[in-house]
Amino acid sequence: MEITADTASCVSSGQCVLLAPHTFDQDEEDGTVVLLTAEPAPGEQDAVRQAELSCPAAAIRVTG
């Protein structure tokens, strides 16, 4: 599994952080997504896929 996050299209909703806090964070200045790791631990992979589906801006892409 590999993750990419498009900060330019992020609308700072924070859904990704709520669902997968070990993989995503939010920038302190503008609230946009910060990718903590491009390859999450096996235990967080389902949460990362849910974060991708829940992102209102479709700023998160998961492959693999």
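**Figure 1. The whole chain, before we zoom in.** Buried residues make up 30% of the 64 residues in this protein chain. Keep in mind that what you're looking at is a predicted model. The secondary structure adds up to two helices and four strands, and if you walk along from the N terminus you meet them in the order β-α-β-β-α-β. Along its principal axes, the C-alpha trace spans about 30 × 20 × 15 Å. How does the radius of gyration fit with a compact globule? For 64 residues such a globule would come out near 11 Å, and this chain has 10 Å, so the two agree. As for the surface, the chain exposes about 3900 Å², with carbon and sulfur atoms supplying 47% of that. Now for who touches whom: take the contacts between residues at least 6 apart in sequence, and 53% of them join residues at least 24 apart.

**Figure 2. A close-up of E44, a buried residue without a salt bridge.** You'll find E44 in the loop between β3 (33-35) and α2 (45-54). Where is the nearest side chain of opposite charge? That's R49, and it sits 12 Å away. E44 does have polar atoms around it, though: the backbone nitrogen of H22 lies 3.1 Å from a polar atom of the E44 side chain. The side chain of T23 also joins in, making a polar contact with the side chain of E44 at 2.9 Å. Leaving aside neighbours within four places in sequence, which residues is E44 in contact with? They are A20, P21, H22 and T23.

**Figure 3. A close-up of T23, on the other side of that polar contact with E44.** T23 belongs to the loop between α1 (15-19) and β2 (24-26). Is T23 buried or exposed? Its relative accessible area is 1%, and buried means under 20%, so T23 counts as buried. Setting aside neighbours within four places in sequence, T23 is in contact with I3, V34, L35, L36, T37, P40, E44 and V48. Spot V34 and E44 in that list, since V34 gets the next view and E44 had the previous one.

**Figure 4. A close-up of V34, a residue of strand β3.** V34 has a relative accessible area of 31%, which makes it partly exposed. Not counting residues up to four places away in sequence, V34 touches T23, F24, D25, Q26 and D27. Strand β2 covers 24-26, so you can trace these partners straight along the chain in the view: T23, F24, D25, Q26 and D27. Another pair to look for is V34 and C16, which are 18 residues apart along the chain and have their C-alpha atoms separated by 9.7 Å.

**Figure 5. Two loop residues with a positive phi, S12 and A58.** Why bother with a backbone angle? Because most residues other than glycine have a negative phi. S12 isn't a glycine, but its phi is positive, at about 60 degrees. Look for S12 in the loop between β1 (2-5) and α1; with a relative accessible area of 27%, it is partly exposed. A58 isn't a glycine either, and its phi is positive at about 55 degrees. Where is A58? It's in the loop between α2 and β4 (60-63). A58 counts as partly exposed too, at 46% relative accessibility.

Methods
Residues numbered from 1 in each chain as written. Predicted model: local features only at pLDDT ≥ 70, side-chain atom pairs only at ≥ 80, totals over all residues. Heavy atoms only, no water. Buried < 20%, exposed > 50% of the residue type's maximum accessible area, 1.4 Å probe, protein only. Lys, Arg positive; Asp, Glu negative; His and termini not counted. Salt bridge = Lys/Arg side-chain N within 4 Å of Asp/Glu carboxyl O. Polar contact = N/O pair within 3.5 Å; in protein donor to acceptor, adjacent residues only side chain to side chain. Contact = heavy atoms within 4.5 Å. Rg over C-alpha atoms; globule rule 2.2 N^0.38 Å. Areas by Shrake-Rupley, 256 points an atom, 1.4 Å probe, with all protein chains shown as cover.
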